[in-house]
Amino acid sequence: MQTEFKPELLTKPDFLESEKIIRKCVHCGFCLATCPTYVLLGNELDSPRGRIYLMKEMLEKDRPATPEIVTHIDRCLSCLSCMTTCPSGVNYMHLVDHGRAHIEKTYRRPFWDRGIRALLAATLPYRNRFRFALAAAILGKPFKALFRRIEALKPVAAMLELAPLRLSGRSPEEDPAVFRPAGPRRARVALLANCAQPVLAPHINEATIRLLNRLGVEVVIARGEGCCGAIVHHMGREEQGHELARRNIDAWTRELEGEGLDAIVVNVSGCGTAVKDYGFQFRMDPAYRDKAARISGLAKDISEFLIALGPIAPTRPTGLRLAYHPACSLQHGQAVRREPKALLAAAGVTVLDIPESHICCGSAGTYNILQPDIAMRLRDRKVENIRLTRPDAIATGNIGCITQIGTGTDIPILHTVELLDWATGGPLPPALEGAGLHSGPAALQAAE
Ligand code: SF4
Ligand code: SF4
């Protein structure tokens with residue numbers, strides 16, 4: 001795409017980067033068919049190519065964002081399906097991140113939109129605040145139909161819908177600690193404990209630590225680590241995102257320079273994509289550039305780390321038919337596609353491929369709160385496609401997808417590591433407790 005950036009803008013690293021990205025787009029339109037919002041809405045401006053054009057218009061003259069641009073960029077899921085499809089290597093992720101940061105700096109959103117975004121940014125990345133907010137949301141659940149009737153308050157209804165029925169107890173696995181394997185140590189890793197996941201589903205980190213320890217891996221939850229920053233970064237709040245990222249970089253650097261780390265393991269794929277991008281995010285920061293690049297180089301999705309560790313030997317038959325849902329952040333953001341399925345198959349599971357598996361489930365960070373109508377349509381489409389595979393349960397590697405898909409179906413849904421932990425000697429995952437399985441119950445009972 002031809003660009004006409006003002007020369008003075010090209011002295012700024014973010015504008016220079018965006019200009020290079022836009023120039024790579026050759027208008028071929030291959031990305032349209034795999035973009036969930038274009039598939040649903042059929043509007044070129046809700047496609048990757050249309051959004052690239054809108055961002056070009058906004059950025060090359062350093063213009064403030066307009067309501068039209070904000071509408072179409074807000075509708076983008078940042079699912080990055082377009083990056084998988086694009087034959088020209090357009091880095092849409094870095095472009096839309098810049099576009100969102102520019103919107104945040106130059107556009108004043110309507111009152112309710114501002115309020116809801118401020119609330120999300122002030123609670124979601126902070127575990128204790130999020131736990132408190134979730135408790136309030138559980139109490140507010142009976143009023144969700146009321147909020148749904150008012151257009152501007154639909155995000156509040158979506159928050160109440162997504163809140164679980166009960167708050168999980170606080171898990172000791174969310175505090176800084178070292179978890180040592182019983183036998184000889186094969187590796188030492190830092191686990192990103194995350195912000196929302198330990199509150200919504202503490203059993204996922206517990207299963208991860210048990211599994212890694214069983215495989216001879218020492219796991220440290222580093223003092224000072226927390227939210228990866230992705231949630232606010234995707235809302236255009238660059239500074240807050242960087243502040244959160246710096247804390248993690250510092251916490252893991254202390255570990256690296258102390259007892260050392262073989263990897264930084266992430267079991268929420270949305271966060272993994274962000275940590276792997278720290279090197280880019282801090283490329284212009286002399287104090288953090290090298291440290292951030294080192295951290296990004298060590299970051300691994302749990303499935304990548306497990307595959308590299310070697311074969312997993314199941315100790316019980318699972319007898320399950322599992323639909324594997326590849327989270328967008330894993331398949332498109334990190335290009336990790338084969339590993340989770342290989343691990344599940346090695347654990348004795350029949351892995352079922354979901355039709356349209358490249359299309360997002362509508363979770364996408366805060367998207368299912370801020371764009372609830374599109375998110376709901378994507379969720380229902382995903383659930384229908386999952387049903388076609390007639391699975392006993394669904395496995396995926398991202399808490400956002402677990403929460404989103406879980407609101408649309410009774411089919412049990414769990415994290416890939418929970419299944420691997422169970423298959424190698426851990427407890428039955430909570431999602432499978434009392435599950436009415438379509439097939440394989442005999443094997444399941446035999447296993448217990
Ligand atoms: S990130 Fe996803 S929703 Fe956004 S333009 Fe690309 S494919 Fe479409
Ligand atoms: S596939 Fe890539 S090059 Fe083609 S229109 Fe989409 S972004 Fe541009």
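A residue counts as near a molecule if its C-beta atom, placed from the backbone, lies within 6 Å of it. Keep that cut-off in mind for ligand 1 in this predicted model. By that rule, 13 residues surround ligand 1. The closest are Cys35, Pro48, Cys76, Cys79 and Cys82. Three helices each give two or more residues to this shell: H2 (36-41), H3 (48-60) and H5 (81-85). The shell has nine nonpolar residues, three polar ones and one charged one.

Now turn to the largest nonpolar core. This core holds 127 residues. Six of them touch the most other members: Val189, Ile264, Val275, Leu322, Ala393 and Leu419. Helix H10 (residues 154-162) gives the most to this core, with six residues.

Take Val275 as a way in. Leaving out residues up to four places away in sequence, Val275 touches Leu192, Cys228, Ile264, Val266, Ile295, Ser296 and Ala299. Ile264 is also on the list of core residues that touch the most other members.

Leu419 leads to another part of the chain. Leu419 is one of the buried residues of H24. Helix H24 spans residues 416-423, and eight of its eight residues are buried, so the helix is largely enclosed by the rest of the structure. Among them are the charged residues Glu418 and Asp421.

What do the buried residues of H24 pack against? Their partners include three helices: H12 (202-214), H18 (302-309) and H20 (338-346). They also include strands E6 (321-325), E8 (393-396) and E9 (413-415). After H24 comes Gly425, with a positive phi near 120°.

Methods:
Residues are numbered from 1 along each chain as its sequence is written. Chains are lettered from A and ligands numbered from 1 in the order in which they are written. This is a predicted model: local features need pLDDT of at least 70, side-chain atom pairs count only at pLDDT 80 or more; totals for chains, interfaces and linings use all residues. A nonpolar core is a set of buried Ala, Val, Leu, Ile, Met, Phe, Trp, Tyr and Cys residues joined through C-beta atoms within 7 Å. A residue is buried if 20 or more other C-beta atoms lie within 10 Å of its own, exposed if 12 or fewer, and partly exposed in between; C-beta atoms are placed from the backbone. Helices (H or I, at least four residues) and strands (E, at least two) are DSSP runs, numbered from the N terminus. Two residues are in contact if their C-beta atoms, placed from the backbone, lie within 7 Å.
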